[in-house]
Amino acid sequence: MPINAEAVGATSAPERVSWDSKDALVYALGVGAGALDPAGSELEFTTENSSGVDQRVLPTFPVVLARGGSAYRSIGQFNPAMLVHGEQSVRLHRSLPVEGTALSVTTITGIFDKGSGAVVVTETTASDETSGESLWTTSSSAFIRGEGGWGGDRGPSSNVAAPEKEPDHVVVYPTRTDQALLYRLSGDRNPLHSDPKFAAMAGFDRPILHGLCSFGFTGRALLHSLCGSDPDRFVSMAARFSKPVMPGDELTVSIWELGDGNAHFRTATPAGIVIDAGQATYR
């Protein structure tokens, strides 16, 4: 049965979400921070008590803080093994404090019929619980295989091509064979990324890496290449997931500076492009 296409506009109740220093550290380790130089590189994101170093929070951290499940439930039941992440964006209205509490609200902004499946698009906004200050806005699309075919709108198509020149920055990050097991500690316990039997049900030979983990690796490359490693300069990133990543794969992030604080990026493994149509803004 197709999912409930009438759920567009459904909004979650405000969800209270809190984080602390440890949460930010675990997330940073989950997206590879410090792996290349544990004793010196990225200490501001991986430690809280290094001499002369103040802890900072990676700009992509909001993607694990609030999920808006109550809005998502309005689309009806489906097999979670058939869901894959399609696109993701994050926009920071200010750099995040090491600890805090926010209220987030998630809205279903689109449900599209792709024939072989359905695409569900959500947007989450978050503000500081005490001051009301806007903190972040995220948008996510999920492709649910087997849930299309009701004759609905196919939705917009994005055509964001890489510039026809060599990239201005190329960053290569290894991932660990246990990267998904580490990343899942930040909250996404989907067994697609840990249980071989569940992964087989979804058509994969073994558990795959979370798309948002690869997104976090890519965000680190953008932060260091475009923002001088300063989260205050990071504004936004948005991209499409085009191919699964396996834990242990090497990620190569290519970045093109477009001027006026804009950049294009994509991420690849030796098997091909895994994150495409990337757009970033920075100060």
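A: A nonpolar core is a set of buried Ala, Val, Leu, Ile, Met, Phe, Trp, Tyr and Cys residues joined through side-chain atoms within 4.5 Å. Buried means under 20% relative accessible area, exposed over 50%, and partly exposed in between (1.4 Å probe, protein chains only). We're looking at a predicted model, where local features need pLDDT of at least 70 and side-chain atom pairs count only at 80 or more, while totals for chains, interfaces and linings use all residues. Residues are numbered from 1 along each chain as its sequence is written, and side-chain values use heavy atoms, with hydrogens and water left out.

Q: Which residues touch the most other members of the largest nonpolar core?

A: Phe61 and Trp136 do, in a core of 50 residues. Helix H6 is the top contributor to this core, giving 8 residues; helices (H or I, at least four residues) and strands (E, at least two) are DSSP runs, numbered from the N terminus. Take Phe61 as an example: leaving out residues up to four places away in sequence, Phe61 touches Trp19, Asp23, Ala24, Tyr27 and Leu96, where contact means heavy atoms within 4.5 Å. Apart from the largest core lies another one, of 11 residues, including Ala7, Ala71, Tyr72 and Ile111.

Q: Now the sheet. In what order do the 10 strands come?

A: Strands of a sheet pair through backbone hydrogen bonds, either parallel or antiparallel. For counting purposes, two strands pair if DSSP finds at least two bridges between them. Here the sheet is open and its pairing antiparallel, and the order reads E1-E3-E4-E5-E2-E7-E10-E9-E8-E6. At the edges sit strand E1 (15-19) and strand E6 (169-174), each pairing on one side only. From one strand to the next the twist averages 25 degrees; axes are lines fitted to C-alpha atoms (for helices, over the stretch in contact), and angles run from 0 to 180 degrees between N-to-C directions.

Q: And which strands does helix H6 touch when it packs on the sheet?

A: H6 (residues 211-226) touches strand E2 (83-92), E6, E7, strand E8 (250-259), strand E9 (262-269) and E10, and its direction makes about 140 degrees with that of E7.

Q: How many bridges join strand E7 to strand E10?

A: There are 6 of them, between residues 234-241 of E7 and 272-282 of E10, running antiparallel. You can check the register pair by pair: Ser236 has Thr281 as its bridge partner in E10, and Arg240 stands opposite Asp276. On to E9, which pairs with E10 over 7 bridges, again antiparallel. There, Ala268 is matched with Ile273, and Ala263 faces Ala280. A hairpin makes the link from E9 to E10, through 2 residues.

Q: What about E8 and E9: how many bridges join them?

A: It's 7, with the strands antiparallel. Ile255 has Phe265 as its bridge partner in E9. The hairpin of E8 and E9 has 2 residues between the strands, and Asp260 takes a positive phi near 55 degrees in it.

Q: Is Asp260 buried or exposed?

A: Asp260 counts as exposed because its relative accessibility is 82%. Compare another positive phi: Ser229 has one of about 70 degrees although it is not a glycine. Ser229 lies in the loop between H6 and E7, and it is partly exposed because its relative accessible area is 24%.

Q: Let's do pockets. Which residues lie nearest the centre of the second largest pocket?

A: A pocket, on a 1 Å grid over the protein atoms alone, is an open set of points where a 1.4 Å probe fits, with protein on both sides within 12 Å along at least five of seven lines; lining residues have an atom within 4 Å of a point. In this pocket, 15 residues form the lining, and Arg91, Ser236, Met237, Ala238 and Gln279 lie nearest the centre. E2, E7, E9 and E10 are the elements giving two or more residues to that lining.

Q: Which residues does Gln279 touch?

A: Setting aside residues up to four places away in sequence, Gln279 touches Val160, Ser236, Met237, Ala238, Ala263 and Phe265. Gln279 is found in E10, and it ranks as partly exposed because its relative accessible area is 44%.

Q: Last one: where is Asn79 placed?

A: Asn79 is in the loop between helix H3 (69-72) and E2. At 37% relative accessibility, Asn79 is partly exposed. Asn79 and Ile144 are 65 residues apart along the chain, with their C-alpha atoms separated by 8.3 Å.
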